[in-house]
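Let's take a walk through this one together. Have the sequence and the 3D view ready, and we'll go step by step.

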Amino acid sequence: MPDFKRFVRENLPLPPMKRRREEKIIEELALQLADLYRAARARGLDDQQALADALGQIPDWETFASDIASAQRPNLHGAGHRAADDVDAALRRRGGARRVIADLGQDARYALRTLGRRPVFLFATVFTLALGIGANTAIFSVMHAVLLRPLPYAAPDRLVTVWTPWETEPSFNPLSAPDYRDFRDQAAVFEAWGAYTRETMNLAGRDDVVRVAGIACTPGTLEALGVAPALGRLFTTAEAEDPASRVVVVSDRLWRNRFGADPALVGREIVIDKESRTVVGIMPAAFRFPSYGTLSRADLLLPLAVESGTPDRGAYYLFTIGRLREGLALASAEAELGGVAARLARLYPHSNAQRTVRIVPLRTLVLQDAGEQLWPLMGATAVILLLACLNVAALLLARGAGRSTESAVRAALGAGRARLVRQMLTESGVIALFGGGAGLLLAWWGLAALEGTMPSSLPRLDDLRLDGTVLAFTLAATVLTGLVFGLIPAHAASRVDVAPTLRAGAPTGTPGRRQSRTLSLVMVTQFALTFVLANGAFLMLRSLWNATAIQELGDPSHVLIGGYTPDTPKRDWLQERDGFVEDLLERLAAVPGVEAAGATSRLPLMGAGWSGGVLVEGETYDPDTRRQTTYYTCVTPGWFDAMGVRLLQGRFLRPEDLSEGQLRIVVNRTFGDASWPGENPIGKRVRSNSETPWFDAVVVGVVEDVRQNGLEGRIVREIYFPFFPSFASERWVTLRTAGDPLGLVPALRRELAALDPNLALSRVMTGADLYDLAARGRRFSTLLVGLYAVVALLLIMAGVWGVMAFHVAERAHEMGIRVALGADRWRVFGIVMARGLRLVLAGVAMGLAGAAVAAKAVGSQLFGVGPLDPLSLGAVGAFLLLVAFAATLAPALRAVRVDPVTAMRAE
Amino acid sequence: MFSAELKKGSLELIVLTLLDERPRHGYEIGQLIETRSRGQLQFRVTSLYPVLYRMESRGWIASRWVERAGEHRRNYYSLTAKGRRILAEEQRRWRAFTAAVDLVLGG
């Protein structure tokens, strides 16, 4: 006797009603069907015929359910009710929108009901989807915050920056003051245009001093950005050019944190770098100043004088922001400025020969390679979602196989194929909605968890949130997901062949050949996607290893670094000893625990700074010849030991190297090798590449290369000058100790304050922090891709195990016969294993093709390893084989243990 | 055979009449209609039960589970007082209706 109660419960989409009422209806109808079935058997029909006879009483379960539903409404209006019912029924029969909506509601209730009865299945599918949708929502919200939103300025598309690089070396070379004035006066390409410099300043409070980020700019800069103050006003051009005006605009943050949000601050005097200035305005909270790779907080806006700026056309220190005239193409603007540049090159060959003009959109400057970083991540995240979809599709397929008898019965009894497909799609829609909701929660939680590990190299991350756009994205992803994983099983189910499924005899669990094929295809695709992901993760891991394995500095975890900015950065390149630095280091060297103390104008790994061209002995100055860029770094004698830079030849610097009339310098290995290949650099002379050299020095030592531009940047030639108050305004004190370097922070603070209480110490970190900071971006993406690969592997393991177990159950009968006919049990084992391995091999082959396709996008994210690395491809392929082997093992062993008698009796 | 409309219009009356004799369960009602009409009237499960449920929710009939030894428990329907009144009214209307139709047909 079939279980009619269960059959009714699963097939009759009743509307919500009291549980007792519902139970009554189900039980009563089940009894009715059972009576009909018994009567049919008594008439001599066989099992299948009797079942069809009984079920034939209910040709359409949906209509039946809705008839029962309308019967539940007590209709008190006597005869009138019947007419109303008839209209209702007629409408339902006639179809139309109302029918569709009624069906949708029915389908949804039916789906909820069936899913509710399979909590494990529901949890597995919803959790899988939540992983996929959550990851995509999180990464999309990062993409949205960083890449997709327009910059927060007026007409951001027309904002550009202007640079004057050399023709041979397209770089971000800023402008000299005279060049800026000439471009401004001789070309009319901008609606508004201004110049600025970045300064770090010491802001005095009542009892302490803080170091704050400032921008010195012409009013044109702020006009181009189209920003306005929240309180007070901005400064005027007259104020900018008048050194006596001494005005300043402060940020909202500074106003709140340092001045208690006092509106009376406007008009008051504050002390910046020991100089009193009048606050004229306060910027809005949302104001950010654009810069290379970020939108930064600028706490102070000071006027910048360009008319009285240095007349030296070789002093490139002005950055610019301009808003192009409406309708003017970037190329034509560049051409017009190029005309001015060519004129300047003729007039001033020593400074301007071979120099050109380059216009870079502000957006490009701010976003840098954020797109290159994020798009591959977004791609990997999308792959995870696709994997999740396929996994859920496989689960539905395997379960759908169990329901194919039901589908066949319903199809035989007149439920249209379209209706069946719609029912299945509604079910996947319901699962997808749950998955989307859970995914959103997961994303919200994940973003909070990830916040700490996000790389600082991504601009605009401080404005990360799940807003309307992100929610819309999640909804779209959810709907798309439901369609993808719903259509695969629905398509397979709609092709259920009625006759053989009913005839086969097994009431449940016999899938069509077609479903089996679809399932295999899904598995192979999953293997291929996992292969691509795992390969990517492996390559990222190797890149991270390559980038962090080298530590050119001796034991950086015992190094303390702290920065400060002297009040008045000197711009005269005075080659004199810096008494302040010498005094400070002398005091610090005396602090117990300090093994070595030094100072530098540039930190390793932290990027470019002061640089120029250098002539080595035998070369002569020629304005038409461009020399390779060399980084200039000023260091005190003790810095090499403190930082742990290795000496290769000669000696380190000594105090007298600056003062004895002959400037002596140390060069890095790259400089030595490039300038004097095969020769000893010690004793060689170098000078600046200018008409009148501002330095002329003798090399006394060669030190090991220290990476300057991050962990992965190309090593640049570098000269270490003895410490003098140079063009670079930053000072970095470096201390080495045998103990915990952070234990020296109080001493460092104390000694700095003892020499000048108006100097603030900032950016205190250890040498290890320096490496850490540089590795952060790579570590973040490696972590994410690695996490994805692990999730993918888990999904595929569960998938293979489930599908193979299903496959074994499906063929238990056949295997039973094989064993009964005398087949070796291990041959049965071999058949199952071979099927599993065939799937993974096909998947790996497809994955190899996928890896080749992904190579281009992935390549730019790798370091020290190619995108199609044989070792990685081989290792990942072998690993996947192992995973598939492990996951197939249990089902295969079960196949071996199949008892032929039981298996055949199941028929 | 008879048209669906004709059958549908009479089903409530038929069921009420059968229940007037004694309480019966759903399957029994279906079987009785078929045997008493000598197989000329057959109602599917999908027609019978909605009618039963509708009359039940209007309070014409009431149901309760009854267990008998050696059998499944079954849901028995019986007429309520209101049901009895409706039955009388419906019977009267049916007879009047059929008599009127007979007159027209020249019976």
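Start where the two chains meet: 29 residues of chain A and 22 residues of chain B make up the contact. Keep in mind that what you're looking at is a predicted model.

How do people put a number on a meeting place like this? The size of an interface is often given as the accessible area lost when the parts come together. Here chain A and chain B bury about 2400 Å² between them, and 51% of that is on carbon and sulfur atoms. On the chain B side, the residues that lose the most area to chain A are B:Tyr27, B:Val45 and B:Tyr53, which together account for 28% of what that side buries.

Now look for charges that pair up. There are 4 salt bridges between chain B and chain A. One salt bridge joins A:Arg21 to B:Glu56, with the closest N and O atoms 3.2 Å apart. You'll also find 13 residue pairs in polar contact between the two chains, counting pairs with both residues at pLDDT 80 or more.

Which parts of chain B do the touching? Helices H1 (4-21), H2 (26-36) and H3 (45-57), plus strands S2 (61-66) and S3 (74-79), each supply at least two residues to that side. H3(B) gives the largest share, 8 residues. By type, the chain B side divides into 8 nonpolar, 6 polar and 8 charged residues.

Finally, hop over to helix H28 of chain A, residues 825-859. At 1.5 Å a residue, its 35 residues should span 51 Å, and the end C-alpha atoms are 48 Å apart, which agrees. Follow H28(A) along and you'll meet a kink of about 40°, centred on A:Val853.

Methods. Residues numbered from 1 in each chain as written. Chains lettered and ligands numbered in written order. Predicted model: local features only at pLDDT ≥ 70, side-chain atom pairs only at ≥ 80, totals over all residues. Heavy atoms only, no water. Helix = DSSP H or I, 4+ residues; strand = E, 2+ residues; numbered from the N terminus. Expected span 1.5 Å × (residues − 1). Bend = angle between axes of the 7 residues up to and from the residue. Contact = heavy atoms within 4.5 Å. Buried area = accessible area lost by both parts, 1.4 Å probe. Salt bridge = Lys/Arg side-chain N within 4 Å of Asp/Glu carboxyl O. Polar contact = N/O pair within 3.5 Å; in protein donor to acceptor, adjacent residues only side chain to side chain. Nonpolar A, V, L, I, M, F, W, Y, C, P; charged D, E, K, R; others polar.
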